[in-house]
Amino acid sequence: MGGRSFGKEYLEVAVLEGFVEHIIFRNEENGYTVLNLISQEDEITCVGIFSVISEGESVELTGEYTSHPSYGEQFKVESFQPKAPEDELSIERYLGSGAIRGVGAALAARIVRHFGPDTFRIIEEEPERLAEIKGISQSQ
């Protein structure tokens, strides 16, 4: 397993990059979160305190692999940094995650298919152009 140490021992600090596929549990009071991260095609259960986190978000996590007696291998997050989606699939995944109210997976796909890598620029600088997409009116 690439030198990972389990039990009460901890590995040296590791860094993971990926996107939040699913939030399994979140305590809104203290930010404690259990989530599934997709990193280089692997699905990794991550646990830690996140001030704000959402499904579909691209992140860089710093922490250590541990082994929980009931839940198995986990990545214990010490710090995290949101990352801007860098490719069209990541942009679509982010938009379809509910990050923008009213935009689901199908609409996100149409937006990204129409605007491509300029999607975020269009949303921020020329939001009126979103009316070019079927399913979005000028008033939205």
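## Two cores and a set of salt bridges

Of the 15 residues in the largest nonpolar core, those that touch the most other members are Leu35, Leu37, Cys46, Ile53, Leu61 and Phe75. The elements that give two or more residues to this core are β1 (14-26), β2, β3, β4 and β5, and β1 gives the most, with 4 residues. The model described here is a predicted one.

Cysteine 46, one of the core residues named above, touches Thr33, Val34, Leu35, Leu37, Leu61, Phe75 and Val77 when residues up to four places away in sequence are not counted. A second, separate core of 12 residues includes Ile91, Val103, Ala108 and Phe115.

The pairing of the strands can be followed next. Strand β3 (residues 42-49) pairs with strand β5 (residues 72-83) in the parallel sense over 2 bridges, and cysteine 46 stands opposite phenylalanine 75 in β5. Strand β4 (residues 58-68) runs antiparallel to β5 and is joined to it by 11 bridges, with serine 58 standing opposite lysine 83 in β5, while a hairpin of 3 residues leads from β4 to β5.

Strand β2 (residues 32-39) holds serine 39, and tyrosine 32 lies in β2 as well. Serine 39 has a relative accessible area of 6% and is therefore buried; leaving aside neighbours within four places in sequence, serine 39 is in contact with Leu16, Glu17, Gly18 and Ile44. Tyrosine 32, with a relative accessible area of 32%, is partly exposed, and together with Ile24, Phe25 and Ile49 this tyrosine makes a nonpolar surface patch of about 380 Å².

Turning to the helices, the buried residues of helix α2 (residues 105-115) are Leu107, Ala108, Ala109, Ile111, Val112 and Phe115, and they pack against α1 (88-99) and α3. Of these, Ala108 and Phe115 are included in the second core. After α2 comes glycine 116, whose phi is positive, near 60°.

Helix α3 (residues 119-125) contains phenylalanine 120, which counts as partly exposed at 23% relative accessibility. Apart from neighbours within four places in sequence, phenylalanine 120 is in contact with Pro85, Ile91, Tyr94 and Leu95. Phenylalanine 120 and isoleucine 91 are 29 residues apart along the chain, yet their C-alpha atoms are separated by 8.1 Å.

The structure holds 5 salt bridges, and the table below lists some of them.

| Residues | Closest N and O atoms |
|---|---|
| Arginine 121 and glutamate 125 | 3.6 Å |
| Arginine 121 and glutamate 126 | 2.7 Å |
| Arginine 129 and glutamate 132 | 2.9 Å |

Salt bridges that share partners join Arg121, Glu125 and Glu126 into one network. Because glutamate 125 and arginine 121 are 4 residues apart in helix α3, they are separated by about one helical turn. An α-helix has 3.6 residues a turn, so residues three or four places apart point the same way. Within this network, glutamate 125 is exposed, with a relative accessible area of 55%, whereas arginine 121 is partly exposed at 32% and glutamate 126 is partly exposed at 23%. In the salt bridge of arginine 129 with glutamate 132, arginine 129 is partly exposed, with a relative accessible area of 27%, and glutamate 132 counts as partly exposed at 42% relative accessibility.

Methods
Residues numbered from 1 in each chain as written. Predicted model: local features only at pLDDT ≥ 70, side-chain atom pairs only at ≥ 80, totals over all residues. Heavy atoms only, no water. Buried < 20%, exposed > 50% of the residue type's maximum accessible area, 1.4 Å probe, protein only. Contact = heavy atoms within 4.5 Å. Patch = residues over 30% accessible without salt bridge, like charges linked within 9 Å, V, L, I, M, F, W, Y side chains within 5 Å. Areas by Shrake-Rupley, 256 points an atom, 1.4 Å probe, with all protein chains shown as cover. Salt bridge = Lys/Arg side-chain N within 4 Å of Asp/Glu carboxyl O. Pairing = 2+ DSSP bridges. Core = buried A, V, L, I, M, F, W, Y, C linked by side-chain atoms within 4.5 Å.
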